[in-house]
Amino acid sequence: VLTKTGRFDVSGSRQFIGPFDALHSAHVREVNVLAPVRGGKTLIADIASPWAVVNEHASLLRVFQSDEIAASHAELRAMPMLKSVPAIQSILPPDRHKNRSQEIVFSNGLPFIICGPALGNLQSRGFKWVICDEPWLYDPGVLYEARTRNGDFVKSASSKLVCISQGGSEDDDWDVQHKSGEFNEWHVQCESCGHMMVPEWTAHRPDGTRWGIMFDGQKDAKGRYNVARALETLRFECEKCAFPHADTAATRARWNLTGEYRVIGEPHESRKSF
């Protein structure tokens with residue numbers, strides 16, 4: 001896997017545009033992002049955090065699933081990215097005691113804190129922005145406790161709660177939080193008929209036939225699949241016309257260019273889920 005360097009460019013990952021637009025919107029108070037492992041979820045928070053400090057003049061609390069992960073992420077990613085922004089460099093505190101490995105109190109008095117999920121870490125003061133990373137791993141009640149740290153900023157309609165995570169268990173705190181928002185689901189376009197569809201792994205048409213990830217299922221005398229043949233024939237079949245999409249860089253590039261979010265269910269102006 002090649003790691004990209006330099007300035008972030010959203011053109012190669014257009015699925016980020018919807019969440020970034022919601023984070024930028026003055027009307028949206030909560031943004032939930034549900035995505036797979038290595039899907040760029042934390043990157044959204046890493047990029048949004050310095051933007052919020054500079055443009056929203058935001059006090060900011062980032063909550064991770066453990067103290068160890070919080071400390072590691074602060075050291076290796078969040079703090080170096082934050083301090084690389086010229087507009088933030090100008091407000092870094094001269095007092096080293098206000099510029100710690102996981103906490104900064106900027107010269108304008110606003111705090112930026114990265115911590116684990118222990119309730120004692122969730123500071124009693126209010127934060128304009130609260131970002132929760134992998135809340136599916138939080139103990140019951142911690143996500144609600146984090147929500148309350150938006151404090152009086154909720155009353156002034158200037159707060160932002162951001163939750164980013166992979167899937168958890170049905171009806172857990174994260175599942176309830178994600179389902180509470182307007183559901184925006186990413187759709188991709190068939191290269192043959194132009195049909196827009198959710199990239200399901202396995203789904204069924206009204207007539208009962210399968211679509212999604214398909215392969216030729218050759219088995220030996222013991223009923224075991226011929227794995228080599230399955231890999232050779234692996235494809236994504238269109239929901240409507242069954243056109244086979246090969247797993248190639250070209251397919252992914254076309255889906256990136258033509259993909260779009262579509263609202264499933266009822267709209268919600270102030271709470272968006274992706």
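## Helix α1, two positive-phi residues and the cysteines

In helix α1 (residues 17–24), the buried residues are G18, P19, F20, A22 and L23. Buried means under 20% relative accessible area, exposed over 50%, and partly exposed in between, with a 1.4 Å probe and protein chains only. Helices (H or I, at least four residues) and strands (E, at least two) are DSSP runs, numbered from the N terminus. This is a predicted model: local features need pLDDT of at least 70, side-chain atom pairs count only at pLDDT 80 or more, and totals for chains, interfaces and linings use all residues. Residues are numbered from 1 along each chain as its sequence is written, and side-chain values use heavy atoms, with hydrogens and water left out.

**Packing of α1**

The buried residues of α1 pack against one helix segment, α2 (41–55), and against the strands β1 (30–34), β5 (129–133), β6 (160–165), β13 (260–264) and β14 (271–273). Contact means heavy atoms within 4.5 Å.

Two packed helices are described by the angle between their axes and the distance between the axes. The axes of α1 and α2 come within 11 Å and cross at roughly 25°. That makes α1 roughly parallel to α2, a term for angles under 35 degrees. Axes are lines fitted to C-alpha atoms, for helices over the stretch in contact, and angles run from 0 to 180 degrees between N-to-C directions.

From α1, P19, F20, L23 and H24 meet I44, I47, A48 and W51 of α2. By class, this contact has 7 nonpolar, 1 polar and no charged residues.

**Positive phi**

E134 is not a glycine, yet its phi is positive, about 55°. E134 sits in the loop between β5 and α5 (142–148). A157, also a residue other than glycine, has a positive phi near 55°. A157 lies in the loop between α5 and β6. E134 counts as buried at 9% relative accessibility, whereas A157 counts as partly exposed at 45%.

**Cysteines**

How many disulfides does the structure hold? It holds 0. A disulfide is a pair of cysteine sulfur atoms within 2.5 Å. Two cysteines show why: each sulfur is too far from its closest cysteine sulfur for a bond.

| Cysteine | Closest cysteine sulfur | Sulfur distance | Relative accessibility |
|---|---|---|---|
| C115 | C132 | 9.1 Å | 6%, buried |
| C132 | C163 | 4.5 Å | 0%, buried |

Key. Parallel < 35°, antiparallel > 145°, perpendicular 65-115°, else oblique. Nonpolar A, V, L, I, M, F, W, Y, C, P; charged D, E, K, R; others polar.
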